[in-house]
Amino acid sequence: MTTVVDKPARPAVRTDPGGAPAAVLALALFETRRLLTRLPVVIAFLVYIGWTVWRGGKDWDGYPALQDVDRATQSTPMLVGLAVLLSVNHAALRSRRHGTEHHLSVLVLPPWRRTVAHALSVVAAALLTAVCVAAQFGREALRPGAIGHGSVAELLVAPLTVLLAGLAGLLMTQLVKSALAAPLTVVFFLLLALFGTGMSDGATRWFMPVVPEPTASALPSDLIGRPAAWHALYLAGLALCAGLVAVLVAGGRKPSVTAGVAGAVAMTLVGGVAQAGGDSPELVKARERATAHPEQVQSCVRRDGSTYCAFPEWGPRVADWAGVVNRVRSLAGGSAHEQKIVVRQRIEARYGLSGDSALRPLERPHEVTVRTRWGGNRVPEFSAAVAGVLVAGNEKASTSMCDGRVVTVMWLALGWESDPMEALRRVRLDDSVTGSALVLQPTDGLYMTAAQTEVLRELLDRPRGEVTARVKSHWAELTEPKVTAARAARLLGVKAPEGDDKCLD
């Protein structure tokens with residue numbers, strides 16, 4: 001008698017070597033489409049793009065310095081990152097939330113491969129952010145008034161932040177099996193953004209994804225000193241750590257994954273340590289030289305008898321400065337009509353981007369300060385400085401004058417403008433056109449009394465040619481120290497002012 005023993009059937013094994021990668025790619029494309037069409041992500045991208053379009057050019061008055069534009073691309077995409085974090089976390093928990101995990105176990109894709117597919121969908125969101133960043137920077141770079149150089153490393157911060165946020169949300173699904181983890185994390189980061197400003201400073205701030213450093217004055221590219229490349233390496237390493245650890249925890253204990261985690265940790269440590277190194281002695285010396293002795297690093301050109309000295313990246317600005325100087329001189333009388341002046345660009349770079357100290361007025365004869373910002377309010381401010389030097393002889397004397405000569409100075413500064421009354425509003429600290437106010441200049445301001453403002457308004461309402469002729473014919477009297485606003489009004493043929501003509505003590 002023969003006994004037949006049935007052997008248990010062996011489970012079917014998929015032998016197609018390309019099956020699993022193809023399935024991962026197909027699932028990644030599906031998850032990418034789902035991710036990019038989820039409501040939080042769509043809203044975040046619309047807000048990001050809308051804000052970028054609306055703010056375009058306003059921060060730099062149409063004359064951007066590209067070494068500042070690259071940093072301006074970093075903050076708003078953090079909103080996209082939070083939306084991607086929330087959505088990826090929600091998508092990765094879909095099977096657990098709907099109780100379908102046991103159905104997925106019969107598919108060719110084990111959990112770790114599904115985790116890889118979700119990670120690839122985050123890469124797509126980061127790439128879309130990179131396209132938006134490139135468009136934002138490219139639009140500013142193509143403006144006729146753009147100067148300077150942007151940093152590729154600074155431009156990488158926004159897409160790397162989105163990548164880090166999405167992969168962190170994916171890692172959370174492996175560590176915390178709760179749908180509340182991601183929303184609570186988003187709320188935490190929103191509160192941190194609202195109330196945590198200034199909590200970290202110095203080297204520790206570089207461990208945050210985005211390190212904004214807004215400044216009122218642009219610095220030359222070689223004086224900025226931000227460790228942007230090391231920070232980008234740090235963010236990339238941190239993002240890879242989050243994604244690979246998520247795959248590892250999900251069961252993907254392959255040698256390549258383990259080696260990838262080790263490499264990502266090494267990237268994070270190298271970038272994190274290097275970015276916290278602080279300013280080099282060479283950078284500190286270069287900043288000191290550019291601040292205290294700008295003539296050592298500037299190039300000078302002559303136009304119409306005047307000299308214009310600028311840092312190398314600001315060479316294209318010379319034509320704009322010369323145009324203002326020529327228009328102001330065209331309204332002046334006496335020797336000031338042909339006076340040769342020196343326009344020197346000055347910065348305060350010793351404290352980096354975080355410092356914005358006021359510049360002391362120059363005492364050298366007929367030398368005028370111009371700063372690194374241009375356009376908008378900066379134009380009438382520079383015009384007022386040029387007019388003050390033509391009248392008083394140097395910046396220190398012009399910023400300390402407080403008599404009727406201010407009327408002449410402000411006429412020279414604004415009389416050539418197409419809308420001089422609007423220019424008057426923009427050049428005054430309180431945006432007023434009546435009463436007393438401080439007139440802004442590249443260095444110290446100039447004080448206008450209420451009486452001087454009245455006389456100037458009368459002049460700006462009259463035909464330019466008529467007022468110019470009177471200014472030139474009475475130049476000596478109008479530029480005499482201690483002349484009053486009432487005396488200036490009589491010389492210029494307008495009614496005497498009724499306002500107070502006393503200066504600040």
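Val 342 stands opposite Glu 367 of strand β4. This pair belongs to a predicted model, and the two strands concerned are described next, followed by a neighbouring loop residue and a helix pair.

**Strands β3 and β4**

Strand β3 (residues 342-345) and β4 run parallel and are joined by four bridges. Strand β4 (residues 367-370) is covered on both faces. Glu 367 and Thr 369 are buried on one side, while Val 368 and Val 370 are buried on the other.

**His 366**

The loop between β3 and β4 contains His 366. Because its relative accessibility is 24%, His 366 counts as partly exposed, the buried class being reserved for values under 20%. Its contacts, leaving aside neighbours within four places in sequence, are Gln 339, Lys 340, Ile 341, Val 342, Val 389, Gly 393 and Asn 394. Val 342, the residue opposite Glu 367, is thus named among the contacts of His 366. Ser 306 lies 60 residues from His 366 along the chain, with a C-alpha separation of 9.9 Å.

**Helices α2 and α4**

The axes of α2 and α4 come within 8 Å and cross at roughly 175 degrees. The two helices are therefore roughly antiparallel to each other, since angles over 145 degrees fall in that class. The residues that make the contact are listed below.

| Helix | Residues in the contact |
|---|---|
| α2 (residues 39-55) | Pro 40, Val 41, Ala 44, Phe 45, Val 47, Tyr 48 |
| α4 (residues 77-92) | Pro 77, Leu 79, Val 80, Ala 83, Val 84, Ser 87 |

Of the residues in this contact, eleven are nonpolar, one is polar and none is charged.

Note on methods. Residues are numbered from 1 along each chain as its sequence is written. This is a predicted model: local features need pLDDT of at least 70, side-chain atom pairs count only at pLDDT 80 or more; totals for chains, interfaces and linings use all residues. Side-chain values use heavy atoms; hydrogens and water are left out. Buried means under 20% relative accessible area, exposed over 50%, partly exposed in between (1.4 Å probe, protein chains only). Two strands pair if DSSP finds at least two bridges between them. Contact means heavy atoms within 4.5 Å. Axes are lines fitted to C-alpha atoms, for helices over the stretch in contact, and angles run from 0 to 180 degrees between N-to-C directions. Angles under 35 degrees count as roughly parallel, over 145 as roughly antiparallel, 65 to 115 as roughly perpendicular and the rest as oblique. Ala, Val, Leu, Ile, Met, Phe, Trp, Tyr, Cys and Pro count as nonpolar, Asp, Glu, Lys and Arg as charged, and the others, Gly among them, as polar.
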